[in-house]
Amino acid sequence: MSQSSEWQDKVVIVTGGASGMGRDVSLTLAARGARVVIGNRSAEAGEAVLREIHAAGGQAVFRATDVSNPQDCEALVALAVNTYGRLDAAFNNAGLQRAFNPIHVTPDVDLSEVIDINLKGVLYMMKYETAAMLETGGGAIVNNASIFGLKGMAETACYIASKHGIVGATKAAALDYARHGIRVNAVCPGPMKTPSYDRVTGGDDHMYDDGVPMHRIGQPREVTDAVLWLLSDQASYVTGSTLSVDGGMVAQ
């Protein structure tokens, strides 16, 4: 089976699916024949990706989704099941980062929003995704955890906590469903050329080169390849794992 035919008519949820890594995963899956269910906070961005997929002949639906709201998460999974009859896979990618600050001066609103979206959003999505997958005999989930789910960095305590939490939740959920045909893994990207990266760096593609052994930032497609592999049958014996896509940063 070719990589493209493997995805034909598979139903895949992508949160944060209209920007950065999520957008690239959404477009790639649709191009390979998957039926993509996109959740994104910005309706304008979500509708734009939907139009791009439809114009290329792909299959997709979109729902404006705030993953910090459990009702939104439940509704996104319901959209997948009601539209396409099942849920085969999911990339829980939605996340954010606020201004860098030591924890004692981190605004309460920033702390709450980062935990609510990055960590609780993944937990809510997994809750409803696994329930849907149990109904049809299995599936695969990949959570976007970042290299900061595996290491620390100054002035980012709440962000680090959220990403470490995703790694831990991934391992626990993998054990919950290992005998039920549901695999759960995490991808841990390093610095990637995304709108979020550009906001932090002002568009300087080389700001972090010296901190990366490969001496460059990554491209969204490099994360997409890892995500699609983890979601695919090629990774059929992989669950509870974290895959770093970081140019060697965690190895340092």
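In the next few minutes I will go through the sheet of this structure and the helices that pack around it, keeping in mind that the model is a predicted one.

Let me start with the sheet, which is open and has seven strands in the order β3-β2-β1-β4-β5-β6-β7, with parallel pairing. At its edges are β3, residues 59–64, and β7, residues 242–245, each of which pairs on one side only. From one strand to the next the twist averages 15°. If you look at the β7 edge, you will find that strand β6, residues 182–189, runs parallel to β7 and is joined to it by four bridges, and that C188 stands opposite S244 in β7.

Turning to the helices, α3 lies across β2, residues 35–40, and β3, and runs at about 175° to β3. Helix α5, residues 108–136, also packs on the sheet, where it touches β1, β4, β5 and β6, and its direction makes about 170° with that of β5.

Now, how do α2 and α3 sit against each other? The axes of helix α2, residues 20–31, and helix α3, residues 43–55, come within 10 Å and cross at roughly 20°. Because angles under 35 degrees count as roughly parallel, α2 is roughly parallel to α3. The crossing in which α2 passes α3 is right-handed. On the α2 side the contact is made by R23, S26, L27 and A30, and on the α3 side by V49, E52 and I53, and these residues divide into four nonpolar, one polar and two charged.

Technical notes. Residues numbered from 1 in each chain as written. Predicted model: local features only at pLDDT ≥ 70, side-chain atom pairs only at ≥ 80, totals over all residues. Heavy atoms only, no water. Axes fitted to C-alpha atoms, helices over the stretch in contact; angles between N-to-C directions. Helix = DSSP H or I, 4+ residues; strand = E, 2+ residues; numbered from the N terminus. Parallel < 35°, antiparallel > 145°, perpendicular 65-115°, else oblique. Left-handed = near helix turned anticlockwise from the far one by under 90°. Contact = heavy atoms within 4.5 Å. Nonpolar A, V, L, I, M, F, W, Y, C, P; charged D, E, K, R; others polar. Pairing = 2+ DSSP bridges.
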